[in-house]
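Student: I am new to this structure and would like a close look at a single part of it. Could you take me slowly through how two helices pack, and then place that part in its surroundings?

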Amino acid sequence: MTSSLPSLAIPGQRLGSVTTFTAGPGTHVHHSHVYASIAGPVFVDPAQPKSQAKSTISISRTARVKTTPSATAASKSKPKYNTLPGVDSVVLARVTRVQKRQATVSILVVLDESASSKALNPLQSASDNDNIESILSSAANPENHSSSDELRFQALIRKEDVRAVEKDRVVMDEMFRVGDIVRGTVISLGDQSFYYLTTARNDLGVVMARSEAGNMMFPVSWKEMRDPVTGAAEQRKVARPF
Amino acid sequence: MPLDTSTTYPLTKLRLDGRRWNELRLIHAQISTNPASSGSSYLAMGNTTILCSVHGPAEGRRGDATGGAAGSSGAVVEVDVNIAGFAGIDRKRRAGGSDKQSGRVASTLRSAFQSHLHTYLYPHSTISVHVSVLSADGSLLAAAVNACTLALVDAGIPMPGLLCGCTAGMSGSASTPRDPLNDYLDPLLDVSLPEEQELPFLTVATTTSVPTGADEDEDDMKVAMLTMDSKVHHTYIETMLAVGVDGCKQIREILDGVIKGSSQR
Amino acid sequence: MTDRRRINGPPGGTRPPIFASSLESTSDIVAERPQRQRQPNELRKIFLKTGLIPSASGSSYLEFEPSTSLSAARSKPKSVIPPSSSLKLACTVHGPKPLPRSATFSPNLVLTTHVKYAPFAGRRRKGHVRDASERDLGVHLETALRGAIVAERWPKSGLDITITILEAEDDRWWGDAPDSHDAAWGMMNVLAGCITAASAAISDARIDCLDLVAGGVAAVVADETAGRETTSQLMLDTDPADHRSILSACVVAYMPARDEITELWLKGDNSKSSVGTDNRGLGHEALIDGAVDAARGAHSVLAEAVRESAQRFAGLPSGDFT
Amino acid sequence: MAAQRQASSASQTPHLSPAELSYLYTSLSLPGTPIRPDGRSPTQFRPLAAETDILPGTNGSARVGFADGTQAIVGVKAEVERTALGIQALSTAEQQDYAAAGNDDRGGGNNGGSKQGSVSGSGQGSWVQMAIEIPGFRDDDALPVFLAEMMREPLVESVSGGGEGGMVGGLKGRLVINRRWHWRLYIDVLLLSQPLSYPLPLLSLTTHLALLATKLPKLKSKGEEDPFFDDDWNAAEYLYPRVKSTKHSSIPGSISVHKVRPPVTLLVVSVAENIIFDPSREEIAVADAVLAISVTYDTDFDRLKLLSIRTIDPPSRLTQPGVPNSENVATLGSTTAAEESVIVNPSTGEEEVPGVWRPRRGGVKRATIAKMIKMVLEKGGVGEEVLDGLEGVEVG
C-alpha cells in the first residue's frame with residue numbers, strides 16, 4: 001500500500017482513493033481521490049489495527065526528513081492544515097502593549113503540539129523564516145521593535161485569561177511588561193485583527209524577560225523573576241521553568 | 001458675425017442665444033428620477049444638465065472625521081460633485097476623479113445646505129448628496145443648488161423654504177464707475193457658458209422663511225449664498241444682485257410647480 | 001507626473017533612420033522580420049526556478065527561450081535594436097501574513113496580486129505607477145490563482161503576490177507601424193508566464209493548491225508564407241513579433257489534474273478563419289483547446305521545477321522518488 | 001470601503017449567510033429548471049428602461065435604468081486628431097505596394113481600405129478610449145479598469161465586412177478620416193449609484209445604445225486635405241451606418257436598421273449544470289463560474305460572432321463556509337453522522353453535505369464553457385435576442 005505512494009508529491013498529484021486513505025494535512029479530496037495540495041514528502045499514518053479508521057495520508061510542510069511520527073503524537077493531535085495559529089496551538093509571543101484590561105502581543109512562533117511537550121525545536125514551523133533563536137534574543141529589548149511586527153499576527157491576552165486562579169485580582173502591570181516573551185495557547189481565532197490567547201496554565205506565561213536594568217532575569221517563583229546583577233525582583237506571570 | 005455678447009448686445013439688445021436681458025433659459029425639472037436613492041432630481045437649465053441624488057439621513061460612517069463630534073448636534077451634509085468627462089465642449093480627462101471646479105462647487109453647496117436644512121432634527125446622521133453634471137453650459141453652481149433643493153425635497157428633509165440659485169451678469173466689462181446718465185450696460189439674467197467666460201457675473205441663492213405664495217413679502221427673502229469671482233466696479237453690484245434675486249424668485253415658482261406637479265401624480 | 005523642469009527625450013524608443021542608399025532593396029525590411037522556426041504546436045523552452053529570493057516566503061523566476069533570430073542577433077548583432085524579445089519575470093510571494101487593520105474578517109486567504117513592468121521591460125518605457133494594462137493583468141492573474149488555491153485553510157490571512165516583468169513580450173514586430181496589429185497580444189503571453197511563475201512561487205511558499213495551475217497561449221494567425229492566399233492557422237505559444245497578423249488569441253490558466261480552467265481570456269475575431277473544423281462557429285473551441293495544450297506543456301516544466309524545489313527542501317537526493 | 005476595493009473583480013459580495021447561499025445554490029442548480037429568486041427564466045434579462053440622445057453636448061449618449069434603480073449614463077465624444085505615422089506610411093511610393101500587399105491578408109476590412117485609395121489601412125485600437133466611473137471607486141481601482149478594458153476590447157476588435165452599408169475595417173476603420181487625420185472616440189461611462197449587482201450588463205447595454213446613437217459631423221473636405229466638416233448637425237452621419245430595412249422586417253416600425261452593430265457583452269454564470277444569464281447579485285454570489293462573453297452581429301454570415309471572453313472571479317470563492325451538524329459543537333449528538341451522508345457534487349467533484357454551503361473552489365470545465373458560448377451564439381439564442389431587443393430601442 002505504502003509502496004505505491006511516491007515519497008515526494010507535488011500539488012495536484014493523485015495519492016490514492018478515499019476508500020483506503022483519509023486526507024490529512026497538505027492534501028485534499030476530489031472525485032473520491034486524495035490529491036496532494038502542497039509539495040513535499042508524503043507520510044502515511046497507519047491506522048490503529050483495532051479501530052476501523054483508515055490510514056491518514058499527509059504531506060509534511062516541514063523539512064524534517066524521515067522521522068516516523070510517534071503514535072502518541074498522531075493520535076492526540078488534530079490535523080493541522082497550515083502554519084497559522086489555530087485553536088489550541090501553543091505560541092510564543094512578544095508583549096507589545098500592556099493595558100488595564102488586556103495585553104497586546106505579537107505572535108512570533110507557532111509550535112507544533114507534538115513538539116511542545118518535548119523541547120523547543122528550532123526547526124518547527126515558524127511563522128516566518130527567521131531563525132527562532134535570533135527572534136527570541138532580539139525580542140527582549142524594546143528598542144529593537146522592527147516594522148516586522150506589522151507582518152506578525154497580533155493577539156490579545158485578556159485580564160481574565162491570564163491565570164486560572166484569583167482572576168479578579170489580576171493586575172496586568174504585575175503580569176506582563178512590554179518586551180517579554182510569553183508562551184500561551186490560542187483560545188479563539190478572535191476578530192478581524194486579534195487572536196485571543198490564554199496563559200492560564202502552569203506551563204504558560206512569561207518565559208523570557210529583561211529587568212528594568214536591561215538584564216535577562218531568571219524565574220524564582222510562579223509570580224516573580226529576579227535580575228542576576230542587581231538582585232532586584234520583578235513581578236510576572238511566570239511559566240513553569242523546565 | 002462676431003460671436004461675443006459685449007459687441008453684439010448693445011446693437012441688438014438680444015443675447016447670443018436670442019434671449020432678452022431678463023429672460024431665463026428653459027428650465028426642465030423632474031423629481032424622483034432614481035428609485036434607488038432617498039431623493040433624486042433631474043434639472044436642465046438650458047443646456048446645463050444635472051442629476052442629483054440624496055441618500056439619508058442615515059447613520060454616518062464610522063471612523064469618519066465629520067461623523068463624530070460635529071454630527072452630535074445635527075446631521076452632517078456631505079456633497080459630492082462629479083463633472084462627467086463629456087460635460088464640456090472638449091472632453092476632459094480628470095486626474096484622480098475630481099478637479100478644482102467640482103471641488104469648489106461641492107464645498108459651496110455643502111456650506112449652503114448645511115446651514116439651510118433643519119439638520120438639528122437628525123443628530124448623529126449624515127445626509128449625502130451626489131451631484132452629477134452631465135452637461136455644463138454656464139450657471140453650473142446655480143443649477144446645482146436648484147437640483148439639490150429638488151432632490152432634498154424629494155427625500156423629505158425639512159427645510160425652511162426652497163433654496164433657489166441664479167446667476168446675473170453685466171453686458172460689458174463694467175470696470176468703470178456707472179454713469180447714471182449714460183447707462184448703456186444692461187444686467188443679464190442666467191448667464192450661459194460663453195457669457196460666463198467673457199463677462200462679469202455673480203451667483204446668488206435665496207430662500208424664504210415662508211413657502212411661496214401670492215402675498216410674498218420682499219422682506220422675507222434671504223440671501224443664503226452669494227459668490228462672485230469676476231471683477232466689476234462696485235457701483236454695478238446692486239443692479240446685478242437685484243436681477244439675480246429676481247431670477248431666484250422666478251426659479252422658485254418653477255421649482256414649486258415641479259414639486260406640486262409631481263405630488264399630484 | 002512628468003518632469004517639467006528639463007527637456008526630456010521622447011518616452012518611446014525612436015527608430016534609427018534607415019537611409020535609402022544603405023538598403024539593397026526595399027525587401028530588406030521584410031527580411032528583417034523574425035520568422036517562426038518552430039512547428040505550430042511546438043512551444044518555446046521555459047526556464048523556471050523557485051526559491052531564489054530568500055526574504056520572500058516563496059519566489060520563482062521564469063524565462064522564455066529567446067527565438068532563433070533573437071539569439072542570432074545577440075551573438076552577432078546587426079542592429080542595435082533586437083528583432084524580438086523574450087519574456088523574463090520574477091515572482092515573489094509574501095505571506096501568509098495578517099490582514100491590514102482596516103480589513104474586515106475573512107474566513108479565507110485574501111489574495112492580492114501586483115503585476116508591474118520594470119521601466120525598461122518593454123520598448124516603450126513604463127512609468128513607476130501601475131497603468132491600466134498592469135492593473136488589468138493583475139486582475140486576470142488573481143482570477144487564475146484564486147481558483148487554484150484552497151483558501152479556506154488560511155483564515156484571517158493575506159497573501160501578496162508580486163510579479164516584476166523584467167523583459168516583456170512585444171505586441172508586434174517593432175518595425176511595423178503601430179496600426180498593423182495593435183491589440184496587446186504580447187500581454188497574453190505575459191499573463192501566461194505570470195500564471196505559471198506565480199503557481200510555482202505559491203507552491204514554494206507551501207500554500208495549499210488544488211493543482212499546479214499553468215498558463216498557455218494559442219493564437220490563430222494569418223499565414224503569410226502561403227503567398228497572397230490568406231490561410232489562417234492555429235499556433236501554440238505565439239511570439240507576436242513573428243507574425244504579421246494575429247486574428248485572435250486565447251490564454252488559459254489550466255489545472256491538468258482536474259481538467260479545469262480557472263481563467264480564460266480570449267479576444268479577437270476569428271469568424272473569418274476556419275480552424276480545425278469546418279464549422280466556423282467552433283473556431284473558438286479549437287483555440288481554447290490549443291491554449292490548454294500549451295498550458296499542459298508549461299505544466300510539465302512547472303511540475304518539474306516544483307518537484308526539484310521540494311527535493312531540495314526535503315533534503316532528498318534528486319531522482320529519489322517513484 | 002477598503003474591503004470593497006480589495007474585492008476587485010468580484011464586485012461586492014453580498015452578506016449572505018452560509019444557509020442562504022446553500023438555499024440559493026440548491027434552487028439554482030435544480031436540473032433543467034433552476035428557480036431564480038426573482039422568478040425569471042434562465043435566459044431572461046431584468047426589465048430595463050432605456051433612452052438615447054439625452055445629452056446635447058455629446059456625439060451620442062444613452063441612459064439605461066434597471067428597475068432596482070441602478071442607472072448608467074454613457075456619453076460619447078469624438079475629437080479630430082492627427083495620426084502618428086508608422087514606417088510604412090512614411091515610406092516612399094514603391095513601398096506602398098508592399099504596405100498594401102501586406103495589409104491584404106488582414107481580412108475584408110483592408111481590402112476595402114485599399115479600394116478607397118486615399119484612405120490608408122485600418123485604425124488603431126488606442127483611438128477608442130473608455131473610462132468608467134463608479135461611485136465609491138477611484139477611477140484607477142481594479143474594477144473600473146477591468147470593466148473598461150473588458151468592454152473596449154471587443155469594440156476595437158470587431159472587424160466586420162465591407163459591402164453596402166457595412167463598416168470598412170470595423171470601428172477602427174470608421175475612425176480614419178484620411179491618411180493624416182482620424183477621430184478619437186472618448187466613451188465615458190457614468191454609473192449613478194453604487195452598483196447593486198455586477199454592473200457589466202448595464203454598462204455594456206448602455207454603451208451599445210450610446211454608440212448606436214453616435215453621430216459624426218459630415219466631412220466636407222476631400223482626400224488628404226486637412227479635414228473640415230459640415231456645420232449642419234442634421235447632416236451628420238451615424239458612426240454605425242444605417243441602411244433601409246429589407247430583411248429585418250421582424251422589428252415593427254423601424255425604417256432603418258444597423259447593418260453593423262456595436263458588440264454587446266453578456267454576463268453568463270454557471271451553477272452546477274445550469275447556465276444563467278444576467279445574474280442578480282445573489283445569483284452571482286453562488287455561481288460556479290462567471291464569464292463575460294462579447295458578441296456582435298456578423299454581417300457576412302448573418303449570424304453572431306464571438307469577439308472576446310473573459311473569466312470573472314466568482315465571489316463564491318470568498319464566502320464563509322457552513323458547518324455541518326456533525327461538526328457543529330452546538331448540535332453535537334443531536335444528529336448522527338449517518339443522517340448527513342457526504343455526497344460528491346457531480347459538477348464540481350467536491351465532497352459536500354447537502355444543505356451545507358461550501359465556498360466554490362477550482363475552475364470550470366471546458367464543456368461548461370463551450371455550453372455557455374453556444375447558448376450565446378446559437379441561432380435564435382440569447383445573444384440574438386438581446387441584440388434584437390436593443391435594436392427595438394428608438395434611437396435618434
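Tutor: H2(B) and H3(B) cross in a right-handed manner, and, since the model is a predicted one, what follows describes a prediction. The two elements are helix H2, residues 100–116 of chain B, and helix H3, residues 140–154 of chain B, whose axes lie 11 Å apart and meet at an angle of about 45°. Angles under 35 degrees would count as roughly parallel and those from 65 to 115 as roughly perpendicular, so H2(B) is oblique to H3(B). On the side of H2(B), the contact is made by Val105(B), Thr108(B), Leu109(B), Ala112(B) and Phe113(B), while H3(B) contributes Leu140(B), Leu141(B), Ala144(B), Val145(B) and Cys148(B). Sorted by class, the residues of this contact are nine nonpolar and one polar, with no charged residue among them.

To see where this pair belongs, it helps to step back to the whole chain. Chain B holds five helices and nine strands, and along its sequence they follow the pattern α-β-β-β-β-α-β-α-β-β-α-β-β-α. Of the 265 residues in chain B, 47% are buried. Among the contacts in chain B with a separation of 6 or more, 75% join residues that are 24 or more positions apart.

Chain B also touches a neighbour, for 19 of its residues are in contact with 22 residues of chain D. On the chain D side, strand S3 (71–82), strand S4 (128–133) and strand S5 (181–191) each supply at least two residues, and S3(D) gives the largest share, with five residues. That side of chain D is made up of eight nonpolar, seven polar and seven charged residues.

For a view of how strands and a helix are arranged, one may turn to chain C, where five strands form an open sheet in the order S1-S2-S3-S5-S4, with mixed pairing. Its edge strands, each pairing on one side only, are strand S1 (46–50) and strand S4 (110–117) of chain C, and from one strand to the next the twist averages 15°. S4(C) pairs in the parallel sense with strand S5, residues 157–167 of chain C, over eight bridges, and within S5(C) the bridge partner of Thr112(C) is Asp160(C). Helix H4, residues 185–204 of chain C, lies across S1, S2, S3, S4 and S5 of that chain and runs at about 150° to S2(C).

Methods
Residues are numbered from 1 along each chain as its sequence is written. Chains are lettered from A and ligands numbered from 1 in the order in which they are written. This is a predicted model: local features need pLDDT of at least 70, side-chain atom pairs count only at pLDDT 80 or more; totals for chains, interfaces and linings use all residues. Two residues are in contact if their C-beta atoms, placed from the backbone, lie within 7 Å. Helices (H or I, at least four residues) and strands (E, at least two) are DSSP runs, numbered from the N terminus. Ala, Val, Leu, Ile, Met, Phe, Trp, Tyr, Cys and Pro count as nonpolar, Asp, Glu, Lys and Arg as charged, and the others, Gly among them, as polar. A residue is buried if 20 or more other C-beta atoms lie within 10 Å of its own, exposed if 12 or fewer, and partly exposed in between; C-beta atoms are placed from the backbone. Axes are lines fitted to C-alpha atoms, for helices over the stretch in contact, and angles run from 0 to 180 degrees between N-to-C directions. Angles under 35 degrees count as roughly parallel, over 145 as roughly antiparallel, 65 to 115 as roughly perpendicular and the rest as oblique. A crossing is left-handed if the near helix is turned anticlockwise from the far one by less than a right angle, and right-handed if clockwise. Two strands pair if DSSP finds at least two bridges between them.
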